[in-house]
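Me: Please take me through the labels attached to this structure, and for each one set the value against the rule that earns it.

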Amino acid sequence: QKMPTLHIERDDVLTAGCSNTADFAHQFAVAFSSLVSGSCIFSGMPYHCAATRFPLDYMVPKVPSTSAGIRCESCDANGTLIYDHCKNHPHWVDLEMLAKYAETTDDVDDPRV
């Protein structure tokens, strides 16, 4: 069955979430910032944090129980990041790395606009 066409006012698009839903809300708000007019993020990770390997991160073996579909471009072939490394170890997070990624990737709206 065909989905109905929604008539959504662009000025009325907000994202919100707590914990893992905040992670999604934040990713969406940054990636599609030209469509989102506001966001309420509680206990969420910074944009692209879950998939970013920081200098202080350590790798764990990549097995079904640890990798869970995590896409980590700079991870070792047989390793992955620990679960929720950004939330559990905020002192590892390099905000400058995340900002540079958001400013240079083609996957998101330009956050400087």
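The exchange below starts with the overall picture and then turns to single residues, ring pairs and a pocket.

Me: What kind of model is this, and what is its overall make-up?

Reply: This is a predicted model, and its secondary structure comes to 4 helices and 4 strands, which follow one another along the sequence in the pattern β-α-β-β-α-β-α-α. Taken along the principal axes, the C-alpha atoms fill a box of roughly 45 × 40 × 25 Å. Buried residues make up 31% of the 113 residues, and of the contacts with a separation of 6 or more, 46% are between residues 24 or more positions apart.

Me: Why is the pair formed by Phe 24 and Phe 28 called tilted?

Reply: A search of the whole structure finds 4 aromatic pairs. In the pair of Phe 24 and Phe 28 the ring centres are 6.2 Å apart and the planes make an angle of 35 degrees. Pairing requires centres within 6.5 Å, stacked rings need planes under 30 degrees apart and edge-to-face rings over 60; because 6.2 Å meets the first limit and 35 degrees falls in neither of the two angular classes, the pair counts as tilted.

Me: How are Phe 24 and Phe 28 placed in helix H1, and what makes Phe 24 exposed but Phe 28 partly exposed?

Reply: Phe 24 and Phe 28 are 4 residues apart in helix H1 (residues 20-31), and therefore they are separated by about one helical turn. Exposed means over 50% relative accessible area and buried means under 20%, with partly exposed in between. Phe 24, at 58%, is therefore exposed, whereas Phe 28, at 28%, lies between the two limits and is therefore partly exposed. Ring pairs also link Phe 24 and Phe 28 with Phe 32 into a cluster.

Me: How do you know that Thr 15 is buried, and what does Thr 15 touch?

Reply: Thr 15 lies in strand E1 (residues 14-18), and its relative accessible area is 9%, which is under 20%, so Thr 15 is buried. Leaving out residues up to four places away in sequence, Thr 15 touches Ala 25, Phe 28, Ala 29, Val 36, Gly 38, Ser 39 and Cys 40. With Ala 25 there is also a polar approach, in which a polar atom of the Thr 15 side chain lies 3.2 Å from the backbone oxygen of Ala 25; the limit for a polar contact is 3.5 Å, so this distance is within it.

Me: Is Asp 23 buried or exposed, and which residues is Asp 23 in contact with?

Reply: Asp 23 lies in helix H1, and at 11% relative accessibility it is under 20%, so Asp 23 counts as buried. Beyond its neighbours within four places in sequence, Asp 23 is in contact with Ser 43, Gly 44, Met 45 and Lys 87.

Me: What lines the largest pocket, and how do its lining residues divide?

Reply: The largest pocket has a volume of about 440 Å³ and is lined by 24 residues, of which Asp 23, Gln 27, Met 45, Ala 50 and Ala 51 lie nearest its centre. The elements that give two or more residues to this lining are H1 and helix H3 (85-88), and H1 gives the most, with 5 residues. The lining divides into 14 nonpolar, 5 polar and 5 charged residues.

Me: What makes the phi of Ser 19 and of Asp 84 worth pointing out?

Reply: Most residues other than glycine have a negative phi. Ser 19, which is not a glycine, has a positive phi of about 65 degrees, and Asp 84, also not a glycine, has a positive phi of about 55 degrees. Ser 19 is in the loop between E1 and H1, and at 30% it is between the limits of 20% and 50% and so counts as partly exposed. Asp 84 is in the loop between E4 and H3, and at 19% it is under 20%, so Asp 84 counts as buried.

Me: Why is Tyr 83 called exposed?

Reply: Tyr 83 is in the loop between strand E4 (79-80) and H3, and its relative accessibility of 63% is over 50%, so Tyr 83 counts as exposed. The C-alpha atoms of Tyr 83 and Leu 95, 12 residues apart along the chain, are separated by 19 Å.

Terms used: Residues are numbered from 1 along each chain as its sequence is written. This is a predicted model: local features need pLDDT of at least 70, side-chain atom pairs count only at pLDDT 80 or more; totals for chains, interfaces and linings use all residues. Side-chain values use heavy atoms; hydrogens and water are left out. Rings of Phe, Tyr and Trp (its six-membered ring) pair if their centres lie within 6.5 Å; planes under 30 degrees apart count as stacked, over 60 as edge-to-face and the rest as tilted. Buried means under 20% relative accessible area, exposed over 50%, partly exposed in between (1.4 Å probe, protein chains only). A polar contact is a pair of N or O atoms within 3.5 Å; within protein, one must be able to donate a hydrogen and the other to accept it, and residues adjacent in sequence count only if both atoms are side-chain atoms. Contact means heavy atoms within 4.5 Å. On a 1 Å grid over the protein atoms alone, a cavity is a set of points where a 1.4 Å probe fits but cannot get out, and a pocket is an open set with protein on both sides within 12 Å along at least five of seven lines; lining residues have an atom within 4 Å of a point. Grid points are joined across faces, edges and corners, and a volume is the space filled by probe spheres set on the points. Ala, Val, Leu, Ile, Met, Phe, Trp, Tyr, Cys and Pro count as nonpolar, Asp, Glu, Lys and Arg as charged, and the others, Gly among them, as polar.
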